[in-house]
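User: I would like a close look at one part of this model. Please keep the answer connected and brisk.

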Amino acid sequence: MQVAEKKRVPVIQPASHEEEDSEARPLWQWSLLGVALTFTLWVPLAAGAQVISNRLIASTLGDFASTEEMNRALVSLSTEASRRLSVQFFVLHAAALGVSSFAGGYVVGKYGGKGGPRAALGCGLLVAGFALALAAVNESVSARSVLLVLLSAPLSFAGGRTGARKAPA
């Protein structure tokens, strides 16, 4: 009985192949990857921001048995208290979108090759467009929602530039 010689297969590929792969990937694919990452981060952060917003309402107005009672109490708030709550809600949700946009852009900038920051900008623009379309479908487009969404593109680009500076040489 003759034993066949074992073939040895290399497990680790050379580093140059990985670099060629990331360079060969089109920018639009990096942009879509950034959009997926941004939404993956944004959803739980926005949920957390909403939980904090609900607690702010409860601390300002007290607990309510139903949403209708809470809405009536919100309508009866003074202008100053209403503005304060609105600003707090805006800041919480802007922070959630800002952190997720920056993080998505960072990953695209770091691993997206030479065009990473441009792909990160594309990511931010796609996120902004999708969020505005979602607001339009829900008939809740306002100046605040437009301003909130317009934060996505510059923060994603800033994340892409930061990631590109930290990219492996």
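At what angle do helix α5 and helix α7 pack, and how far apart are their axes? Please follow α5 outward from there to its surroundings.

Analyst: This is a predicted model. Start with the pair you ask about. Helix α5 covers residues 116-137, and helix α7 covers residues 152-165. The two pack at an angle of about 155°, with their axes 7 Å apart. Angles over 145 degrees count as roughly antiparallel, so α5 is roughly antiparallel to α7. The crossing of α5 and α7 is right-handed.

Next, the other partner of α5. Helix α2 spans residues 27-61. The axes of α2 and α5 come within 8 Å and cross at roughly 55°. That angle makes α2 oblique to α5. The crossing of α2 and α5 is right-handed.

Now the surface. Leu126 sits in α5. Its relative accessibility is 42%, so Leu126 counts as partly exposed; the exposed class needs over 50%. Leu126 also helps to form a nonpolar surface patch, together with Trp28 and Leu32. The patch measures about 330 Å². Residues 27-61 make up α2, so Trp28 and Leu32 fall within that helix by the DSSP runs used here. The patch therefore draws on both α2 and α5.

Further along α2 comes Leu41. With 30% relative accessibility, Leu41 counts as partly exposed. The C-alpha atoms of Leu41 and Arg161 are separated by 19 Å, and the two residues are 120 apart along the chain. Arg161 belongs to the 152-165 range of α7.

Past the end of α7, look at Lys166. Lys166 lies in the segment after that helix. Lys166 is exposed, because its relative accessible area is 54% and the cut-off for exposed is over 50%. Lys166 and Tyr111 are 55 residues apart along the chain, yet 9.5 Å separates their C-alpha atoms.

Tyr111 leads to one more helix pair. Helix α4 runs over residues 79-111, which puts Tyr111 at its last position. Helix α6, residues 143-150, packs with α4 at an angle of about 25°, and their axes are 9 Å apart. That makes α4 roughly parallel to α6. The crossing of α4 and α6 is right-handed.

Definitions and conventions. Residues numbered from 1 in each chain as written. Predicted model: local features only at pLDDT ≥ 70, side-chain atom pairs only at ≥ 80, totals over all residues. Heavy atoms only, no water. Patch = residues over 30% accessible without salt bridge, like charges linked within 9 Å, V, L, I, M, F, W, Y side chains within 5 Å. Areas by Shrake-Rupley, 256 points an atom, 1.4 Å probe, with all protein chains shown as cover. Salt bridge = Lys/Arg side-chain N within 4 Å of Asp/Glu carboxyl O. Helix = DSSP H or I, 4+ residues; strand = E, 2+ residues; numbered from the N terminus. Buried < 20%, exposed > 50% of the residue type's maximum accessible area, 1.4 Å probe, protein only. Axes fitted to C-alpha atoms, helices over the stretch in contact; angles between N-to-C directions. Parallel < 35°, antiparallel > 145°, perpendicular 65-115°, else oblique. Left-handed = near helix turned anticlockwise from the far one by under 90°.
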